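Here are some short exercises to work through with the sequence and the 3D view side by side. Try each task yourself, then read the solution below it.

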Amino acid sequence: MNKIIVLLFLTIGFISCKNSEKEIDKLKIAKQYYKVLDNSDDTKITTLLTDSLLTRESQYDYEQTFSLNEYIEWLKWDSAFEPTYDILQIEQENETVKVKVSKTDKRILFLHEEPIVSYQVLRFNKDKIVSVETTEYIIFNDSTFVKNRTKFLDWINKNHPNLNGFIHVQTKSGATKYLEAIELYKNR
């Protein structure tokens, strides 16, 4: 009888250990992801993402799939604007992580005049992020953003046509031209 009880406890212990090893801390991975974005650390992003990343913005019916290399290039573009990502809320719900995040940088402050706050859902394939969906913008003043962008681009097109097209080039050199254009516009 004692051997059966000991064997039962050993079996339960073995199964518990085996299951806890398989449990992936998705909250920890999500927090690391935003820390990598905040630090613009393109060397660490590869450990957090699958070979490709689907990004989606539900409100604007927009989606783009990045290869890992393309996302690293995007991160280099993003880093030029010196971003700050702040997690305001985070929770795991089943196999996803829901995040309320604030982002600000030189480009956002110039066009939007305040941080952008959104809800995002991260989906996983085992221990890697496979998609990031922006489900709702909590703070995003579309009219301010569009008005400022239109005035800015019109002025650049008229006064510095050599910079045309920078707004669509999400590479480090594209970001450099973007920042140059912002400075020219501010000093007009």
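Let's start with a word we'll need: buried means under 20% relative accessible area, exposed means over 50%, and partly exposed is in between (1.4 Å probe, protein chains only). You're looking at a predicted model, where local features need pLDDT of at least 70 and side-chain atom pairs count only at pLDDT 80 or more, while totals for chains, interfaces and linings use all residues. Residues are numbered from 1 along each chain as its sequence is written, and side-chain values use heavy atoms, with hydrogens and water left out.

**Exercise 1. Find the buried residues of helix H3 and check the helix span.**

Step 1: Locate the helix. Helices (H or I, at least four residues) and strands (E, at least two) are DSSP runs, numbered from the N terminus. H3 covers residues 68-80.

Step 2: Pick out the buried ones. They are Leu68, Tyr71, Ile72, Trp74, Leu75, Trp77, Asp78, Ser79 and Ala80. As background, an α-helix has 3.6 residues a turn, so residues three or four places apart point the same way.

Step 3: Check the span. The expected value is 1.5 Å times one less than the number of residues. For the 13 residues of H3 that gives 18 Å, and the end C-alpha atoms are 19 Å apart, which agrees.

**Exercise 2. What does Leu75 touch?**

Step 1: Leu75 sits in helix H3 and is buried, because its relative accessible area is 0%.

Step 2: Use the contact rule, heavy atoms within 4.5 Å. Leaving out residues up to four places away in sequence, Leu75 touches Val36, Leu37, Ser40, Asp41, Asp42 and Ile45.

Step 3: Look at Asp42 again. It is 33 residues from Leu75 along the chain, yet their C-alpha atoms are separated by 6.5 Å.

**Exercise 3. Track down some salt bridges.**

Step 1: Set the rule: a side-chain nitrogen of Lys or Arg within 4 Å of a carboxyl oxygen of Asp or Glu. Searching the whole structure turns up 10 salt bridges.

Step 2: Take Glu95 and Lys26, whose closest N and O atoms are 3.1 Å apart. This pair links distant parts of the chain, 69 residues apart: Glu95 is in the loop between strands S3 (84-93) and S4 (96-104), and Lys26 is in helix H2 (residues 26-39). Glu95 counts as exposed at 54% relative accessibility, whereas Lys26 counts as buried at 6%.

Step 3: Now try Glu93 and Lys98, with closest N and O atoms 3.2 Å apart. Glu93, at 38%, counts as partly exposed, and so does Lys98, at 32%.

Step 4: Look for shared partners. Arg56, Glu63, Arg123 and Glu133 are joined into one network by salt bridges that share partners. In the Arg56 and Glu63 bridge, the closest N and O atoms are 3.0 Å apart.

**Exercise 4. Spot residues with a positive phi.**

Step 1: Know the background. Most residues other than glycine have a negative phi.

Step 2: Check three places. Ser40, in the loop between H2 and strand S1 (49-57), has a phi near 50°. Glu82, just after H3, has a positive phi of about 55°. Glu113 has a positive phi of about 75° and lies in the loop between helix H4 (106-111) and strand S5 (116-125).

Step 3: Is Glu113 buried or exposed? At 51% relative accessibility, Glu113 counts as exposed.
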